[in-house]
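Here is a relaxed walk through one protein chain. Take a look at the sequence and the model, then read on.

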Amino acid sequence: MSAYSSDIGADTSWPTEATRRMNRMYRWQRHIYDGTRRYYLLGRDQLIAGLRPSAGASVLEIGCGTGRNLVAAARLHPDARFFGIDVSTEMLTSAISAISRRGLTDRIRVAHGDGTVFDPQALFGVPSFDHVMISYSLSMIPDWRRVLQAAASHLKPGGRLHIVDFGNQERLPDIARALLQRWLALFDVTPRDDLERELSAMADTAGANLKFERPFRGYAQCAVLTLPPEPRTP
Ligand SMILES: C[S@@+](CC[C@H](N)C(=O)[O-])C[C@H]1O[C@@H](n2cnc3c(N)ncnc32)[C@H](O)[C@@H]1O
C-alpha cells in the first residue's frame, strides 16, 4: 500500500467549503506545524503509546494533518497498518511527503476525506478499523458530534476510539485560561466541553466502556471508548 499524490486528485464530491477553510488555515502554517505544535498539543504521544494494536490491526486517524501521529504510531507499532484522512489537501501534501521520507509508504495510506462523512471502503478498500484516533481535530470541526458517530460506525466490534483534544482548562490559573482561550480562538479552535457527556451517551447506547481523563490541569481531555465484542441487539 502506498500514499500517492493521486490519492488526493480532483474529485467533484470533495467537501469544498471545509477544504477551502482548512487550506486557508494551513497553506503556510503546515511548514512550521510540527515544530511549533510539539510544545502545546499535549498528550498525543500518550495516545499513540496507548493504541497497543495487535499484529495486523488497522488504525485510522481522522484529521491526520501533517502525518506526524501516523508516522510516530507506525514506528512504535511496526505490526499494524495505518490510514489517515484529512479535509485539507495542503496538510495531506505534507503528510504524503513525511510518510515517503520515512520510508513508510507500504504501511501508511492517506486520503482526502471529511471526518463527518466518509466511506473507508471507497477510500482504502477497508470497511472498518480496530482503532480510530482523533487528535486535536474535534475542536476544529463544527459538527464534531457527527465525527464521533462516523468514527464509531467504522470501528469493528471490540474496536477502540482514542481521542485527545483541548480541555476546558478548569484547573489552570484564570489568567492563563483567559489568554489560552483567546489564543485558541485565533486558530478557530473551540474546546468541546460536552465531549465527555457525548461519549457517555454513546457508551450507554452501544454498551461500550468509556475511560475519560482531564490531564495537565484540564489543559487536555483524553478518552478511550471500547466497543463491546458483539454489537448490542435492540
Ligand atoms: C490541529 S490539526 C491536528 C492534526 C493532527 N491530528 C495532530 O494531532 O497533529 C486539525 C486537523 O483536522 C483537519 N480537519 C479539519 N476539519 C476536518 C474535517 N471535517 N474532516 C477531516 N479533517 C479535518 C485539519 O485540516 C487539520 O489537519
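## A first stop in helix H4

Asn 69 lies in helix H4, which covers residues 68–76. Helices here are DSSP runs of H or I with at least four residues, strands are runs of E with at least two, and both are numbered from the N terminus. Asn 69 is buried, with a relative accessible area of 6%. Buried means under 20% relative accessible area, exposed means over 50%, and partly exposed is in between, using a 1.4 Å probe and protein chains only. Leaving out neighbours within four places in sequence, Asn 69 is in contact with Arg 44, Ile 48, Glu 61, Met 133 and Ser 135; contact means heavy atoms within 4.5 Å.

Before going further, a word on what you're looking at. This is a predicted model, where local features need pLDDT of at least 70 and side-chain atom pairs count only at pLDDT 80 or more, while totals for chains, interfaces and linings use all residues. Residues are numbered from 1 along each chain as its sequence is written, and side-chain values use heavy atoms, with hydrogens and water left out.

## The whole chain

Stepping back, the protein chain has nine helices and seven strands. Its radius of gyration is 17 Å, close to the 17 Å that the globule rule gives for 234 residues, so the chain is as compact as a globular protein of that length. That radius is taken over C-alpha atoms, and the rule is 2.2 Å times the number of residues to the power 0.38. Along the principal axes, the C-alpha atoms fill a box of roughly 50 × 50 × 35 Å.

How much of the chain is buried? Of its 234 residues, 53% count as buried. Among contacts between residues at least 6 apart in sequence, 74% join residues at least 24 apart. As for the outside, the chain exposes about 11300 Å², with carbon and sulfur atoms supplying 52% of it; these areas come from the Shrake-Rupley method with a 1.4 Å probe, and for residues only the protein chains shown count as cover.

## Two helices

Helix H7 (residues 144–153) has several buried residues: Trp 144, Val 147, Leu 148, Ala 150, Ala 151 and Ala 152. What do they pack against? The buried residues of H7 pack against strands S1 (58–62), S4 (129–135) and S5 (155–166), and against helix H9 (195–206).

Helix H8 makes a nice length check. At 1.5 Å a residue, its 13 residues (174–186) should span 18 Å, and its end C-alpha atoms are 19 Å apart, which agrees. The expected span is 1.5 Å times one less than the number of residues.

## Ile 163 and Phe 212

Ile 163 sits in strand S5 and, at 2% relative accessibility, counts as buried. Not counting residues up to four places away in sequence, Ile 163 touches a list of residues including Leu 148, Leu 195, Leu 199, Gln 221, Cys 222 and Ala 223.

Phe 212 belongs to strand S6 (residues 209–213) and is buried too, with a relative accessible area of 17%. With the same sequence neighbours set aside, Phe 212 touches Leu 195, Glu 196, Leu 199, Gln 221, Cys 222 and Ala 223.

Here are some C-alpha distances, with the separation along the chain.

| Pair | Apart in sequence | C-alpha distance |
|---|---|---|
| Ile 163 and Val 224 | 61 residues | 6.4 Å |
| Phe 212 and Leu 225 | 13 residues | 8.5 Å |
| Thr 105 and Phe 82 | 23 residues | 10.0 Å |

Thr 105, from the last row, lies in the loop between helix H5 (89–101) and strand S3 (108–112). Thr 105 is partly exposed, with a relative accessible area of 26%.

## Some positive phi values

Most residues other than glycine have a negative phi. Which phi does Phe 216 have? Phi of Phe 216 is near 55°, a positive value in a residue other than glycine. Phe 216 lies in the loop between S6 and strand S7 (220–226) and is partly exposed, at 34% relative accessible area. Arg 217 is also found in the loop between S6 and S7, and has a positive phi of about 55° although it is not a glycine. Just after H8, Asp 188 takes a positive phi of about 65°.
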